[in-house]
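This report goes through selected local features of one protein chain. The sequence and structure come first, and the notes follow.

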Amino acid sequence: MLRNYIERRERLLYGRDNNRRSLPFEWGLEHLGVQANGNFETPLREFVSRALLESSSFYRYKPAEQYDFDGHILKFPSAIETPYPENNTVWGRFFEAGKALAMVVLPQWNCKWDSQLTLCRVLQRAGITSLRLSLPYHHHRRPAHLERSEYLVSPNIGRTLTAVRQAVLDSRRAADWLFARGYDRVGILGTSIGSCVGFLTFAHDERFSTGVFIHVSSFFADVVWTGLSTKHIRHSLEGAIDLQRLRFLWSPISPYPFIKRLRGTNRRSLMLSGRYDLTFLPQLSQQAYDEFHRQEVPCQIAWLPCGHYTMGQFPFNALAGYRIVQFLRQ
C-alpha cells in the first residue's frame with residue numbers, strides 16, 4: 001500500500017512540470033573540442049577512453065583568480081568557458097556558521113533559486129556552514145532562450161559531458177574559497193544530479209573530508225534511460241543510440257567507474273536512497289552500493305520509504321535532514 005501511494009505521488013509531482021520539451025539528439029563534439037573528420041562516434045569514444053584512463057586530468061582545474069562576495073552571494077568565473085556567457089559565472093548562496101566544517105551544497109536538476117535553502121538553514125543552526133551553488137545552466141546561469149535548465153542533461157552527448165565536468169570544477173573552485181576563509185574541513189552534499197556531481201568531486205579531490213549523497217546511482221546513462229524525470233530525453237535518444245553505447249559515452253560522468261578511487265580512504269560518506277524511487281531506480285542504487293562493498297569503501301547507507309520527489313516532502317525531508325545532521329556531527 002505504501003509503495004502504491006508513493007508511486008502515485010511521484011507521478012503526480014512529476015506531472016506538475018509540464019514544460020518539458022524534447023531537444024534533438026546531437027553528438028556535440030564541438031563542446032569537447034573534438035574534430036569529427038567525417039565520423040562522430042569514433043572520435044567521441046576515443047575522447048571518453050582517455051577521460052576514463054586519465055580522469056585526474058579530465059577533472060583537473062585551475063584556481064580562480066578572483067571571487068566577488070557581498071556577504072551572502074558569491075560569484076566567481078567558471079573553470080570552463082562555454083558558448084553561453086551567462087553560464088560562465090558561478091553563483092553561490094552562503095550560510096555561515098562555525099569554522100569547523102563547511103559544506104558545498106549541490107541541488108537537484110531544474111531546481112528553483114530558493115531550492116535547498118531550508119536544508120542550508122538547518123545545517124546553519126547545527127553549526128555547519130554551507131555554500132549552495134547554482135549548477136551549470138541554472139538560475140542566473142541559464143541562457144535567456146531556455147525555459148528550463150535542459151542543457152545540463154540533454155540528448156546532446158558532448159554538451160552533457162562538458163556540463164557535468166564543469167559542475168565538478170566549479171565545486172573544486174568553491175572549496176578553494178572556503179579553505180581560504182579558514183574552514184578546518186570542507187565537505188560536499190548533493191541531491192539527485194547534484195549527488196552525481198558531488199561524488200565525482202569527492203572522488204577526485206581528497207581535500208573534501210566528507211560527502212553526503214541524496215539519491216545514488218551507478219551509471220549516468222541508465223538513470224536517463226530508465227528514469228521518470230528524463231523520459232523526454234530518452235525519446236530523443238532512442239533511434240540514434242542504444243543504452244550500451246550511451247553508458248560508455250557518459251561513463252566519465254558516472255559514479256560507478258570511480259568508486260575504486262576511494263579504496264583505502266578514511267573519508268566518510270552518507271548515502272540516502274528512496275526505496276520507491278522512479279527516477280533513480282533502486283536497482284541502480286544497489287548496483288552502486290554493491291560496488292562500494294566490493295571495493296571496501298567505507299560508507300553509511302540509508303533507504304527511506306519514499307521516492308525521488310517525495311524525498312523533498314514531509315516527513316521524508318525531515319527524516320533525511322535528521323540523518324544528515326547526525327552524520328555530520330559525528
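## Arg 11 and helix α1

The model is predicted. At a relative accessibility of 48%, Arg 11 counts as partly exposed, because the value falls short of the 50% that an exposed residue must exceed. Arg 11 belongs to helix α1.

Once residues up to four places away in sequence are set aside, Arg 11 touches Leu 228 and Leu 278. Its C-alpha is 9.4 Å from that of Ser 229, although the two residues are 218 apart in sequence.

## Leu 29 in a loop

Leu 29 sits in the loop between α1 (2-15) and α2 (41-53). With a relative accessible area of 4%, Leu 29 is buried, because this is under the 20% cut-off for that class.

What does Leu 29 contact, leaving aside its neighbours within four places in sequence? The contacts are Val 34, Gln 35, Ala 36, Asn 39, Phe 40, Pro 43 and Leu 44. The C-alpha of Ile 324, by contrast, is separated from that of Leu 29 by 39 Å, with the two positions 295 residues apart along the chain.

## Helix α5

Helix α5 has 24 residues and spans 36 Å from its first C-alpha to its last, close to the 34 Å expected at 1.5 Å a residue. Of its 24 residues, 21 are buried, and the helix is described as mostly covered.

At the N-terminal end, α5 is capped by Asn 156: a side-chain oxygen of Asn 156 lies 3.4 Å from the backbone nitrogen of Gly 158. Just after α5, Gly 182 takes a positive phi of about 100°.

## Arg 173, a buried charge

Arg 173 is found in α5, which covers residues 157-180. Which side chain of opposite charge is nearest to Arg 173? It is Asp 176, 6.0 Å away, and the buried Arg 173 has no salt bridge. The distance of 6.0 Å does not meet the criterion, because a salt bridge requires the nitrogen and the carboxyl oxygen to be within 4 Å.

A polar atom of the Arg 173 side chain does lie 2.7 Å from the backbone oxygen of Lys 62. Apart from neighbours within four places in sequence, Arg 173 is in contact with Tyr 61, Lys 62, Pro 63, Ala 64, Tyr 67, Phe 76, Pro 77, Ser 78 and Ala 79. Two of these contacts, Tyr 67 and Phe 76, return in the next section.

## Aromatic pairs

A search of the whole structure gives 18 aromatic pairs. One of them joins Tyr 67 and Phe 76, with 5.1 Å between centres and 55° between planes, a tilted arrangement. Tyr 67 is partly exposed at 25% relative accessibility, whereas Phe 76 is buried at 2%.

Trp 91 and Trp 113 form an edge-to-face pair, 6.2 Å centre to centre with 80° between the planes. Trp 91 lies in strand β3 (residues 89-95) and Trp 113 in the loop between β4 and α4, so the pair ties together parts that are 22 residues apart in sequence. Trp 91 counts as buried at 19% relative accessibility, and Trp 113 is partly exposed at 26%. An aromatic cluster is also present, made up of Phe 47, Phe 58, Tyr 59 and Phe 258.

## Backbone exceptions

Most residues other than glycine have a negative phi, and most peptide bonds are trans. The residues below depart from one or the other pattern.

Gln 116 has a phi near 65°, a positive value in a residue other than glycine. Its place is the loop between β4 (101-106) and α4 (117-125). Is Gln 116 buried or exposed? Gln 116 is buried, with a relative accessible area of 16%. His 215, with a phi near 80°, is also a residue other than glycine with a positive value. His 215 is located in the loop between β7 (208-214) and α7 (220-226), and is buried with a relative accessible area of 3%.

The peptide bond between Phe 314 and Pro 315 is cis, with omega about 5°. Pro 315 is placed in the loop between β9 (300-304) and α11 (316-329).

Note on methods:
Residues numbered from 1 in each chain as written. Predicted model: local features only at pLDDT ≥ 70, side-chain atom pairs only at ≥ 80, totals over all residues. Heavy atoms only, no water. Helix = DSSP H or I, 4+ residues; strand = E, 2+ residues; numbered from the N terminus. Buried < 20%, exposed > 50% of the residue type's maximum accessible area, 1.4 Å probe, protein only. Contact = heavy atoms within 4.5 Å. Lys, Arg positive; Asp, Glu negative; His and termini not counted. Polar contact = N/O pair within 3.5 Å; in protein donor to acceptor, adjacent residues only side chain to side chain. Expected span 1.5 Å × (residues − 1). Phe/Tyr/Trp six-rings, centres within 6.5 Å; stacked < 30°, edge-to-face > 60°.
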